[in-house]
Every structure is written in structure tokens, then in C-alpha cells.
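Colleague: I am new to reading models of this kind, and I would like a close look at one part, with the surroundings explained as you go. Could you take the second chain, begin with one of its helices, and then work outwards?

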Amino acid sequence: MALFEIFDPKAEPRPIGIDLGTTNSLVAYVANERPVAIADCDLAVLVPSVVTYLSNGDVVVGRRAMGLAAEHPRDTIASVKRFMGRGADDPETRRLGPYEFVAPQPGEPNSVRFRVGEGRVVTPVEVSAEILRVLKAQAEDKLRRVGGAVITVPAYFDDAQRQATKDAARLADLEVLRLLNEPTAAALAYGVEKKQDGVFAVYDLGGGTFDVTILLLEHGVFQVRSTGGDSQLGGDDMDRAIAHELLRSAGFVEARQTAHLVRRVLDQARVAKHQLTDHEGVQVEIPGHGSFELSRARFETLIAPILERTGTACRRALKDAGLQAEELEGVILVGGATRVPAVRRYVAGLFKREPLADIDPDEVVALGAALQADLLAGVGRSDDVLLLDVIPLSLGIEVGGGVVDKVLPRNSAIPCAARATYTTQEDGQTGFEIQVVQGERELSADNRSLAKFTLKGIPPLPAGMARLEVMFQVDADGLLSVHAKELTTGIEQRIAVKPSYGLDDATVERMLLEALDHGESDLKLRRLAEHRVEAHRIVEATKKALAADADLLEAGELAKIEEACARATASAAGTDPSRVRADIEALDAATKAFAGRRMDRAIVLAIQGRRVDAVEKSVEHAKGIEAAHAPETR
Amino acid sequence: MDPFATLGIPRSYEIDLSALEKTHRELSRALHPDRHVGSMASERREALARAIEVNEAWRIVRDPIRRAEALLLLRGVGVGEDREPQAAPEFLMEMLEQREELSRSIAARDPDGVRKLAEAIRARAAEAERELSRGFAKGEASSLLGRLGELRFYRRFLDEVSAAEDERTG
């Protein structure tokens, strides 16, 4: 892979923000405290999210791939985001499009797979990774060296879709600092720009997904109150609506629609949609089949059902936030599809105010992601900015009769966790099947199944005696992990949850190895470099913590921590990645109790309405504050 | 777990939601993973565990039903529908009638009728919450289970209203 060679080890790594969009993708970074999008050598900022697999093995991404689409409709994947985290039998695969799908063999993961150039088969994760590699190279051209990335995802993406996005980043060799919800990223870009407090709605109609988010901005904290949407609704659907109309007018029946024709008509539909923003009507030419007139009024009739679907999600989000439209401070427009005049009119009517669109709706998400990357990499100036997000869909477990028991309701603040206890249904039952689902419907079959697993080795007991505890945890990326424990015997089983869709860890690792020139040895060098950075970072953080809260140390603790620091520093100078790893873990264990005490202090201070950073600046003042205030917190 | 202690507020049914929001925000500032990217690994984990606990406490305390359950548990009273006493037959009859009326209004596509029914139930839920507040302040416990049970019925009723409204506009 030539792209890795651009990497300049002496340059300072710079964090980036990536908007991996349905139609277009782009990358941004923060320069002189302002986010800017990075252009390619042709000065274009938007990279079309289109990938062509040529029969000679070459992979082409972006504008050039778009140009190849008419000639190679089957080998050119556009709007791949709509297929992320989807099963091979997903309804999305049956919509109007030029692709050939491969059905999974028994035992293979249930993931969408495209058949492209010369019998090659690719998954949406691999296609997305190609786009990410190009964006990374574009950033490296500009910044010499790229640090971690914040990658945005639609707020309404479920766990499988988020996981697929993270897998794509891993495959593209990008360190993911955070998966960030697109509307939250847009709000961050606006908030940093305008510095105005209040409740905002973000209406994000992209190429393939729709999100609405209601959030409160106060003193630099962006707190998401509710979110809603549809992960398969966007500008693409407007194109399809036009394409169906054109095909119907031209008298095509489905059987005669070749991949070439479908690709061409979809492309013309998109062009017509863009033209109708400034024109009352357009002529669309289908070579060999005549010319067709499309008026703006007819277009607006065609897309009315799409707008109605967004309206339903908006009304529900307002209700979930406990707000009326009149209470909003502003409405922010995001996504290229919000350029359509009918969309703006609809949004204005829905929220009873003119929406804001002063930051380019195509760029705003990437700009927000760059700001967040800057904050997370610790180079951001503003300590005050914090994004508090939620889960978009309820998480639950299927219980008897196919009914869902909701364990975490939608709009719960993340990170979060919840426990639920279940029991056996039959005498002597030794296994327990658990199905994890995501969605709002009462019946399991109507929701998305995220994972299925069986807990084995339960002692044979009468029905209802064995007790099983299932724990869900959702991290700040919105990603779920599940653990189960049998409580009667106290035997804990950590279960590797096999995802219902997408790839398991081993597959991603194998694909990564295949992408590297020297496989194993490259990977080992990479690991060593990563562990070294990690060791230095943790030793630095430990020294800072020791300096700030020396009064929290117990007798002998300081010596142990300092020794562990010295070991980690020494092994980081060596060449054995597993030694570095082991010493990092030892340092981790040595600081555990100290870290706990530091967090207790931070909590007391937060409850008192004080700020932690103020304490780090004046250690003297902090001394004894825990003892002085602890009783009041009871 | 005591969600009230986690948030540093008194164990009371009466809460000051806006003050609580501020506390939640300050705790998040101290604990959210984004604030600990450069921290010691042990501290990242400690902060995460506590951030999760704070969010759980916040979820419980904000919700009138979960808040009542938490207070009852802290007073040694078991909660959960299989442990609570059955509602009075008159109440059940009345709820059944209300729900039938709701079904009729939904079937007749009568949004005003649905809204009126929902408003009446919302008023009753607010009254039940006031009763709970008074009861908890007086130190009562198991005698409040009836009110809690009512709140559960009202919530299910209002969920059904929401579903119907989504359906209608969708």
C-alpha cells in the first residue's frame, strides 16, 4: 500500500475530522483555532463516496470513479453507506440500483456483499475503507502526519452500523478517537461559531440518512435531549422517485431495466434535482427514448411523502424532549438535500421559524468533527466544550413469546449501562439463549436483532430457580457490549457476542494483514509504535496526577507508582511490544486505587459546583476539601 | 445503589429538575470519557464507571416511576409489578373503560377525542405524583404502592396515545 509511505514520523501528528457521507465524504482539521476542510490537488473539498473496482485490480475512488460509473455500473459502488451494517437479505438490497449481490453461504457472516470486477466480492466495510484511505492520504498531503480521527455517523445509526463504520476505519489504518453523531457535530460547529445558548433542533437530510436532534447548548455543554430519524431516507430517495417517474414515462417495464440504464437514469435524476433548486422546470434526455419534462411542482409532489416521514420523526423528537417548536432558539440545516427549496419551506413550517444555513450544509459536519478531534487530542483551547449524547434506539432482550423487554430506553445519556435479571423456563434447563434487539417495537421480530448468544453450563435446577443477569454497556461511541452472569452459582461468563451482521474481530484483523505489504512483521512494528506512544502518554498523565493530588497518596504508594513508571519508560525504549504492554498494565494496576480517590474528589467538587481544572491549578486549595465537604453530599 | 447519593441530592420525591440538570452537567464535565482521553488508563476506567453510574442515577431520578421505585427500595419495600398488590377492581374497571374509549377514538380517527382522553389521564398522573410527594415527605412507604401502580397504568395509556399519534402523522 503506497499510501502508508506518505507518513512522516518526524512530523507532529494532527487530529482530523471525517464526514463519511452517503453521497460525498470530506476531511477537515483545525488551523489557528478554526476548522477548515482539506481540499485535494484539484482544490475540490468533497470526495464523492463512489468506489470503482476495475478488472485489472485497481481501485478508483471519488470523482474519477463517478466518471467510470456509466461504463462500469456493476463495479462502481455509490451510496455504500446505506448498506453498512445490513444483512444480505436487507430490503435495501432490493431497491432500484445497478448492483449484483452475493448471497452468503451457510456459516458465512450475514453481510451485504457486492460482486464487482472479475469475480471480486467486497463488503460495504471494505468499500468504505477505500474512501477513508483516500481521505487520510489527502490529509497527510496537507498535514504531513495524521493523528487520530473523529468519524461522524448518523445519530440514528444502530449498533451494527456504528460497528461497521469503526471496522472500516480500522481497515483503513485510522485510529478512531470517537464516533460522533452528525447532528451533534453540526451543532458544535454552529455553537463554537455563534456562542449562543438555548435549545436547538438540527435537521439533517443527507444523501441516504435522515436525523433530527434536539439539543440544549449551555455554557459550552451540548446536551442532546432527544434524537430521531430514519437511517434509510435521504436525497437518494428523491433521485429514485424522479427515476421511477422517468422510467414510467419512457414506458420501461422492470424486466427491461439493465444496470446501465438504471445507473444512467439515477444520475440524470440527481442532476435534474439539483437544477430544480434554481429552475421551475427541466428537460431530461434519455438517449434513444426521448426527452421528458419535469416541473418543480411535479418534483415537489413526488418528494412530499419523504418530507412527511421526516416530519413524523421531528414531532416525536420534540415530544421526547418535552418541548414545543416555539421554545426552540434556532433550527440548523445540515446535508446537501436541505438545499431543495421545498425542504426549507417544509422545515420552516414544521418548526415555525426560518432555519439557519449560514455554514455550508455539505461541510458543517466535518468541521464539527474536526473541532471535536482537536478537543480530544488535547490540543483544543476550550476546556469548556463538552458533548453529551444519547442512544437513538431502545435496547432490549427478547423474553418469552417473542416480546421485548426494554433494558435501556431510547434517549438515555451515554455512556450508560443497565442490568436485567432473567430465569429459566424449564426444569433442569442448562442453557439460556439470549437475543439482543434494538428498536421501539413491542415484538422482537419487528426490531433489529443485534446479537444472539447462548449461555451454557447453568446448573440443572427447577424452572425459575436459576437466575441470569445480563448487563448492557454503551460507550461514548454509542457502541454496545453485553455480558452475562449466572447468579445462583456466581459463575461469571464473559460471552463474546457474535454480531448478527457484519464482521467479527478476527475477519477484520485478517483483512488488515492482507492490506499490509509485509503482513505480520509490519503489524508487529505498528503495535510497538502504538504501545510506545501509549506508554509515554500514560507515564506523563501519571506524573501530572501525582503532582496534582499528592495528598491523596497512601504510605508507600508513591514509591510503587514511580517504580512502575520507570519500568514502563524502560521497556518503551526496547523493542518487545508485549513487554511494553505488560508494563503498561502493571502501571495501570499500581495506580488503580489512587485513580479511584482522584475521581471521588472530582465528584465531590462537581457536586459542589466547582471545577476540577481549578483544583489542578491550585493543589494547596484542594487539600482537605474532600473531608470538609463529604458529609454534605450524603 | 442510591441514585440520590450519586447525584448528591436529598432522598426526596420532590426534585428541582433544573438544579439537578446543572449537577448532572458538572458531574459529566468531571467524568465523561472525552475529558479523560489523556488520563492514566486506570483513571479512564474509574471515570467511565462513575460516568455510567451518574447517568443511571440521572435516568432514575428524572423519571417519576423509577424515582418512586428507588425511594421505596431504599425504604426496604420491594417493587416490581409481580411483587406489588393488585390494583383495586374499581380502578381496573375504570382503566379498562378508558382504554376502550381510547381504542374507539383511534379507530374513529378522532384526534380531538384522543387528546381529551390523554389530557384527563395526564391530570390524574400529576395528581398521583403529588400524592406520592406528600406521602414520601411524611415518611410513608408500602402504603404508596397503590399510587405507584396507578402511575404505571397511566404511563401505558399515554404510551398508547403516543403510538397512535405517531401512526396518524406517519
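Modeller: What follows begins with a single helix, moves to the chain that holds it, and ends with the partner chain.

Please keep in mind throughout that this is a predicted model. The helix I have chosen is α6 of chain B, which runs over residues 111–137 and has 27 residues. From its first C-alpha to its last it reaches 39 Å, close to the 39 Å expected at 1.5 Å a residue. Which residues of α6(B) are buried? They are Val114(B), Leu117(B), Ala118(B), Ile121(B), Ala128(B), Glu129(B), Leu132(B) and Phe136(B). When you look at the numbers in such a list, it helps to recall a general point: an α-helix has 3.6 residues a turn, so residues three or four places apart point the same way. After the helix comes Gly139(B), whose phi is positive, near 90°.

Stepping back to the whole of chain B, you will find seven helices and zero strands, so that the pattern read along the sequence is α-α-α-α-α-α-α. The domain assignment divides chain B into domain 1, covering 3–62, and domain 2, covering 89–169, and the C-alpha centres of these two domains lie 31 Å apart. The C-alpha trace of chain B spans about 60 × 45 × 30 Å along its principal axes. Its radius of gyration is 20 Å, whereas a compact globule of 170 residues would have one near 15 Å. Of the 170 residues in chain B, 34% are buried. If we take the contacts in chain B between residues at least 6 apart in sequence, 58% of them join residues at least 24 apart.

Chain B also has a partner, and the place where the two chains touch is a natural bridge to it. Here 40 residues of chain A are in contact with 35 residues of chain B. On the chain A side, at least two residues each are supplied by β14 (221–230), α7 (296–321), β18 (386–388), β21 (416–423), α11 (519–548) and α13 (577–607). The largest share of that side comes from α13(A), with 13 residues. Sorted by character, the residues on the side of chain A that touches chain B are 22 nonpolar, 10 polar and eight charged.

Chain A itself has 16 helices and 26 strands. Buried residues make up 46% of its 634 residues, and 68% of its contacts with a separation of 6 or more are between residues 24 or more positions apart. The pLDDT of chain A averages 85, and 90% of the residues score at least 70. Some stretches call for more caution: over residues 1–5 of chain A the pLDDT stays under 50, and the model has five contacts beyond four places in sequence for them. Over residues 611–634 of chain A the pLDDT is also below 50, and this stretch has 20 contacts in the model beyond near neighbours in sequence.

A helix of chain A can be set beside the one we began with. Helix α4 of chain A, residues 182–194, has 13 residues, which at 1.5 Å a residue should span 18 Å, and its end C-alpha atoms are indeed 18 Å apart. This helix is mostly covered, with 10 of its 13 residues buried, among them Glu182(A), Leu188(A) and Tyr190(A). Just after α4(A), Lys195(A) takes a positive phi of about 50°.

Finally, a few backbone details in the loops of chain A deserve attention. As a general rule, most residues other than glycine have a negative phi, and most peptide bonds are trans. Glu33(A) is not a glycine and yet has a positive phi of about 70°; its place is the loop between β2 (24–31) and β3 (34–37) of chain A. Is Glu33(A) buried or exposed? Glu33(A) counts as exposed because 11 other C-beta atoms lie within 10 Å, and the cut-off for exposed is 12 or fewer. His219(A) has a positive phi near 45°, and this residue lies in the loop between β13 (210–218) and β14 of chain A. With 12 other C-beta atoms within 10 Å, His219(A) is exposed. The peptide bond that joins Ile414(A) and Pro415(A) is cis, with omega about 0°, and Pro415(A) is found in the loop between β20 (403–408) and β21 of chain A.

Terms used: Residues are numbered from 1 along each chain as its sequence is written. Chains are lettered from A and ligands numbered from 1 in the order in which they are written. This is a predicted model: local features need pLDDT of at least 70, side-chain atom pairs count only at pLDDT 80 or more; totals for chains, interfaces and linings use all residues. Helices (H or I, at least four residues) and strands (E, at least two) are DSSP runs, numbered from the N terminus. The expected span of a helix is 1.5 Å times one less than its number of residues. A residue is buried if 20 or more other C-beta atoms lie within 10 Å of its own, exposed if 12 or fewer, and partly exposed in between; C-beta atoms are placed from the backbone. The radius of gyration is taken over C-alpha atoms; the globule rule is 2.2 Å times the number of residues to the power 0.38. Two residues are in contact if their C-beta atoms, placed from the backbone, lie within 7 Å. Ala, Val, Leu, Ile, Met, Phe, Trp, Tyr, Cys and Pro count as nonpolar, Asp, Glu, Lys and Arg as charged, and the others, Gly among them, as polar. Domain bounds come from an automatic or database domain assignment. pLDDT is the predictor's confidence in each residue, from 0 to 100.
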